[in-house]
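Thank you all for coming; please take a moment with the sequence and the model before I start talking. I will go through the strands, then the aromatic rings, and then the empty space inside.

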Amino acid sequence: SMGYRSQSNISNWDNRETKRRMRNDLVEWLQSRNYDYALTLGFNFRDVSRTVARKHLRRYDAELNRRLNGTCWLKKTDERIFWVAFPENMDTNPHWHMVVALDRQGFHDDRSSRYADFERLATEAWLKQFPTGTAHCAPLVGTAYEWYITKDFEVDKKIEEFVVEREFWPA
């Protein structure tokens with residue numbers, strides 16, 4: 001019969017082909033969302049726990065939204081930045097790779113000067129938290145970056161560790 005055949009071998013989930021397909025799908029999804037900037041945010045010390053790294057990402061998100069959209073940014077849900085962050089080398093040289101999308105309207109209203117200055121704002125917001133850290137921000141061009149930041153996805157359980165901005169939004 002042509003009916004559905006269940007996969008009894010659940011370990012298939014862990015095979016390389018499945019991971020490769022999931023990575024391809026993720027890259028395709030990232031590329032479809034038209035992100036504006038690529039960021040790398042480094043801690044510059046070894047061995048940051050996942051929990052601490054996430055806490056700093058949440059704080060960074062709030063700081064960046066505040067700098068771009070003013071003190072009432074929490075209420076202005078349609079003005080918030082959209083991003084996805086991928087942890088890398090958390091045990092040896094911990095850093096985040098991020099793709100960021102800005103509210104299109106912000107380039108044309110009273111926020112336009114801040115939006116035009118995004119690269120500096122994004123860098124300063126991280127260095128305020130981590131004066132000894134590193135921050136790099138550049139316009140996202142081409143398609144290589146999405147492949148680069150997902151390169152750990154085909155390794156063990158890394159696929160579960162990326163963070164999306166909505167995880168930090170109030171319920």
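**Strands, rings and cavities**

Leu41 stands opposite Ala135 in strand E4, and that pair of residues is a convenient place to enter this model, which, I should say at once, is a predicted one. Strand E1, residues 37–42, and strand E4, residues 134–139, pair in the antiparallel sense over six bridges. E1 also pairs with strand E3, residues 95–101, again in the antiparallel sense and over six bridges, and here Gly42 is the residue that stands opposite His95. Is E1, then, mostly covered or mostly open? E1 is mostly covered, since five of its six residues are buried.

Let me turn to the aromatic rings. A pair of such rings is described by how far apart the centres are and by the angle of the planes. The structure holds 10 aromatic pairs, and one of them joins Phe107 and Tyr115 in an edge-to-face arrangement, with 5.3 Å from centre to centre and 80° between the planes. Tyr115 counts as buried because its relative accessibility is 0%, below the 20% cut-off, whereas Phe107, with a relative accessible area of 29%, is partly exposed.

Another pair is formed by Trp126 and Phe130, and this one is tilted, at 4.9 Å centre to centre with 35° between the planes. Trp126 is buried, with 0% relative accessibility, and Phe130 is buried as well, at 6%. These two residues belong, together with Phe43 and Tyr60, to one aromatic cluster.

Rings also meet charges in this model. The charged end of Arg80 sits over the ring of Trp169, at 4.6 Å from the ring centre, and Lys151 lies over the face of Tyr148, 3.5 Å from the centre of that ring.

Finally, the empty space. Rolling a probe the size of a water molecule over the atoms shows where such space is left. The structure holds two cavities of 30 Å³ or more, and the second largest cavity encloses about 70 Å³. Which residues are closest to the centre of this second largest cavity? Of the 11 residues that line the cavity, they are Phe86, Pro87, Ile149, Asp152 and Phe153. Strand E2, residues 82–88, gives the most to this lining, with three residues. By class, the lining of the second largest cavity is made up of five nonpolar, five charged and one polar residue.

Note on methods
Residues numbered from 1 in each chain as written. Predicted model: local features only at pLDDT ≥ 70, side-chain atom pairs only at ≥ 80, totals over all residues. Heavy atoms only, no water. Phe/Tyr/Trp six-rings, centres within 6.5 Å; stacked < 30°, edge-to-face > 60°. Buried < 20%, exposed > 50% of the residue type's maximum accessible area, 1.4 Å probe, protein only. Lys NZ or Arg CZ within 6 Å of the ring centre and 35° of its normal. 1 Å grid on protein atoms, 1.4 Å probe; cavity = no way out; pocket = protein on both sides within 12 Å on 5 of 7 lines; lining within 4 Å. Points joined across faces, edges and corners; volume = space filled by probe spheres on them. Helix = DSSP H or I, 4+ residues; strand = E, 2+ residues; numbered from the N terminus. Nonpolar A, V, L, I, M, F, W, Y, C, P; charged D, E, K, R; others polar. Pairing = 2+ DSSP bridges.
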